[in-house]
Amino acid sequence: MEDFIEAFDAVLSDLDGVVYTGSHAIPGAVEALRALAPRGVRLGYVTNNASRTSAEVAAHLRELGAPAEDDDVVSSAQAGAELLAKMVAAGTRVLVTGSAALAREVEGRGLQPVRSADAAPEAVIQGFSPDLGWRDLAEAAYAVAAGAHWVATNTDMSIPQARGLAPGNGALVAAVRSATGREPLVAGKPEAPLFIAAAERLGARRPVVVGDRLDTDILGGNRAGFATAVVLTGVDTRESILAARAAERPNFILGTLDDFFRPYPEAVEDDGAWRAGSASARAVQGRLEVSGAREDLNTWRAACAAWWSAYPDAEGPAEPEIAWVA
C-alpha cells in the first residue's frame, strides 16, 4: 500500500497548530515537511495570520528549519489587500486596524493607510495584531458605522499559543460587529480564493490542504474543491471532528505530519459497519456502536465514516452518544 502522500503533488499547509505553536516548532513537523521535496511533493503555506509579511513568516519558518521561500507563503493579509484594491480606487484612504505588515500590504496595492477615522477613510481592513487595543477597535467601529467598506483578513476566533488558546482576529472582528451591526467581507480562510491562489502559485493539480481547524482550514479547502486532512496537533480534537457539520468534514484524519509517510487505512463499509484497520463502527438509532481502542486513530476514522454516512447533510455539529463494545 502506498504512503498517504503519494496521492498528492503538493501540500498546502496551515502554520499555527500544524508547523508550530507560538514560537516553537511542533515535534516532528519540520522533519516531515523537509521530507516532502525528495518525494517530489511541492510545499506551500496558507496562513490567516495577518500580523507579519510573507517574507517575515518565511524567515521564521527557515529559523525553525522548515523549507520556505518568501513566495511559498500566501497570507490573508495579501488576500485582504488584494480584495480592497478591487473595491476602491488607487490612492484611497484605508483605515488599517492591524499590524505594520498589514499596512505595508495595503500600501503596496497603491492605497493610503491611515490610523484614524478622522481621516475619513473609505475602507477599513482589520487583521490580527497582538498590539491592538480598545482605541484601535473604536476607530474601526467609527469608520465602519459611517459607511466605510469593511474587510477582515480572517475570522479565526482563537489562535494556538504555547500557553494555550488565545483570542484571534475573529474575536476582535466580533467587537466591531457588535458595535456597528455590520458584517465584513472576509478575505482569508475559510474562503476558497486563498487556497486556489496557493495551488496556482505551486502549479499543483492534486494538492491536499492540511490544517488543525475545521472551521477555517478544512472548510476552506473543501470550498476550493481540494482534498483535506485535519491534523491533531492544534485546535480540533477527535471528538470535535466526529461531531463536525458536513461542510467541515475532512477527507483524512492524521495524528501528526509523520502520517504523510505511512499508508492511510481508508474506512470501508462491511454489512452496515465501517471498518478502518482493526476498528469498526456502526450508527444505530442516533448513536454509535464502536469497537476499537480509544487511543487508536483508526477507531475514530471508522467512527467518523459511520456517523457521517448516516448523517451526510448535517448543517450543524452533532456529537453522537458512543457505545464502546468489545
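How many bridges join strand 4 to strand 5 (residues 73-75)? In this predicted model, the count is three, and the two strands run parallel. One place to look at the pairing is Y45, which stands opposite V73 in strand 5. To get from strand 4 to strand 5, the chain passes through helix 2 (residues 54-64), and the resulting β-α-β crossover is right-handed.

Strand 4 also pairs with strand 1 (residues 10-13): here four bridges do the joining, and the strands again run parallel. Within this pairing, A10 has R42 of strand 4 as its bridge partner. Strand 4 itself covers residues 42-47 and is mostly hidden away, with five of its six residues buried. As a general point, side chains in a regular strand alternate between the two faces of the sheet.

On the way out of strand 4, the loop leading to helix 2 holds T53. Is T53 buried or exposed? Its relative accessibility comes out at 13%, and because the cut-off for buried is under 20%, T53 counts as buried. Once its neighbours within four places in sequence are set aside, T53 is in contact with A101 and R104.

Next comes a look at two helices, starting with helix 3. Helix 3 takes up residues 76-87, and its 12 residues should span 16 Å at 1.5 Å a residue. The end C-alpha atoms of helix 3 are indeed 16 Å apart, so the expected and computed values agree. The buried residues of helix 3 are S76, A77, Q78, A79, G80, A81 and L84.

Helix 6 (residues 169-180) also gets the ruler treatment: with 12 residues, it reaches 17 Å from its first C-alpha to its last, close to the 16 Å expected at 1.5 Å a residue. Buried residues in helix 6 are N169, G170, L172, V173, V176 and T180. Looking down the axis of helix 6, these buried residues fall within an arc of 160 degrees, so they line one face of the helix. What do the buried residues of helix 6 pack against? Their partners are strand 8 (123-126), helix 5 (134-145) and strand 9 (149-152). Turned away from that buried side is the face of helix 6 that carries the exposed residues S178 and A179. Right after helix 6 comes G181, with a positive phi near 75 degrees.

Terms used: Residues are numbered from 1 along each chain as its sequence is written. This is a predicted model: local features need pLDDT of at least 70, side-chain atom pairs count only at pLDDT 80 or more; totals for chains, interfaces and linings use all residues. Side-chain values use heavy atoms; hydrogens and water are left out. The expected span of a helix is 1.5 Å times one less than its number of residues. Buried means under 20% relative accessible area, exposed over 50%, partly exposed in between (1.4 Å probe, protein chains only). The arc is that of the directions from the helix axis to the C-beta atoms. Contact means heavy atoms within 4.5 Å. Two strands pair if DSSP finds at least two bridges between them. A crossover is right-handed if, with the strands pointing away from the viewer, the path from the first strand over the helix to the second runs clockwise.
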